[in-house]
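Colleague: I should be grateful for a close look at a single helix and its packing partner, set within the whole chain. Please explain each term on its appearance.

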Amino acid sequence: MPVPAPDLAALRLLGDRVRPLAGAGERTLPVPEALAALLPQGGLVRGTTTATTGVAATSLALALAGPVTAAGSWVAVVGLPRLGLLAASELGVDLERVLLVAEPEPDGWAATVAALLDAVEVVLVRPPRAVTPTVQRRLQARARDRGSVVLQVGGHLGAWAQAPDLVVAAAASAWVGLEPGHGRLQARRVLVEVTGRRGADRPRQGELWLPGPDGAIATVAPSAAPAARPAAAAPPAEIALRDAG
């Protein structure tokens, strides 16, 4: 559902239509089982900021947001014009539960994100410039009050005055099925590292199919082929665009 920006009146009206009927009584939002095993609280903690980084930053963000839409809640995307909707659908995002908001002017970015935090469970962003301490505190307070989550999709973590609560990084990635000069991409193995604050002080690491040969997000079995390494050959451009960080 595309929405112009910075039309805050339209965002507030839309927020009244999509705002969850239930309160934020549950502490976490659902994530895929394979990722839940790596997150300190087993899900996205309401009222916090999470960032995805690395070669599969976009895929990680979409994977985290998918179960939220599957549960009947909404997510919003601010800007991110290169985000692939087909890739989002393949990673479990219900596109009928997604608000696409045009990139606001830098001066209106914070107000747009704040309005969306009032309305939806997860807001996908990439700050266009440095976020001041005052603006970050205001967004954090809004997220805590509404029980929503700010999810940064790639970009520079240094854009925030204070580091995100949780960082989910794709440390390495390898496509399966593409042999030298021929073949078809069938799956991707990603080495995921989770760090952060508030219970995430000790880094956690695991290797995931993102997606697997059957299209699902799953943990790579220990008996599978060698651990993920950077692919020797780059994937086709249309696939690479999904994870441009």
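Modeller: The account below begins with the chain as a whole, turns to helix H5, and then visits a few single residues.

This is a predicted model, in which local features need pLDDT of at least 70, side-chain atom pairs count only at pLDDT 80 or more, and totals for chains, interfaces and linings use all residues. Residues are numbered from 1 along each chain as its sequence is written, and side-chain values use heavy atoms, with hydrogens and water left out.

The protein chain averages a pLDDT of 84, and 76% of the residues score at least 70; pLDDT is the predictor's confidence in each residue, from 0 to 100. Over residues 227-241 pLDDT stays under 50, and the model has 23 contacts beyond four places in sequence for this stretch. Contact means heavy atoms within 4.5 Å. The protein chain has seven helices and twelve strands; helices (H or I, at least four residues) and strands (E, at least two) are DSSP runs, numbered from the N terminus. Of the 245 residues in the protein chain, 48% are buried, where buried means under 20% relative accessible area, exposed over 50%, and partly exposed in between (1.4 Å probe, protein chains only). Among contacts in the protein chain with a separation of 6 or more, 68% join residues 24 or more positions apart.

Helix H5 covers residues 109-119 and packs with helix H6, residues 133-146, at an angle of about 10°, the axes being 9 Å apart. The two helices are therefore roughly parallel. Axes are lines fitted to C-alpha atoms, for helices over the stretch in contact, and angles run from 0 to 180 degrees between N-to-C directions. Angles under 35 degrees count as roughly parallel, over 145 as roughly antiparallel, 65 to 115 as roughly perpendicular and the rest as oblique.

On the H5 side, the residues that meet H6 are Trp-109, Ala-110, Val-113, Ala-114, Ala-115, Leu-117 and Asp-118. Their partners in H6 are Val-135, Arg-138, Leu-139, Arg-142, Ala-143 and Arg-146. By class, this contact of H5 with H6 has nine nonpolar, no polar and four charged residues. Here Ala, Val, Leu, Ile, Met, Phe, Trp, Tyr, Cys and Pro count as nonpolar, Asp, Glu, Lys and Arg as charged, and the others, Gly among them, as polar. H5 is mostly covered, with nine of its eleven residues buried; Thr-112, Leu-116 and Ala-119 are among them.

Gln-152 belongs to strand E8 (residues 149-153) and is buried, because its relative accessibility is 0%. Its C-alpha atom is 6.2 Å from that of Thr-52, although the two are 100 residues apart along the chain. Beyond its neighbours within four places in sequence, Gln-152 is in contact with residues including Thr-50, Val-125 and Trp-160.

Leu-29, in strand E2 (residues 28-29), counts as buried because its relative accessibility is 4%. Not counting residues up to four places away in sequence, Leu-29 touches Glu-121, Val-122 and Val-149, among others.

Two loops complete the picture. Most residues other than glycine have a negative phi, and most peptide bonds are trans. Leu-80, in the loop between strand E5 (75-78) and helix H4 (85-90), has a positive phi near 50°. A cis peptide bond, with omega about 0°, joins Leu-210 and Pro-211, and Pro-211 lies in the loop between strand E11 (204-209) and strand E12 (218-219).
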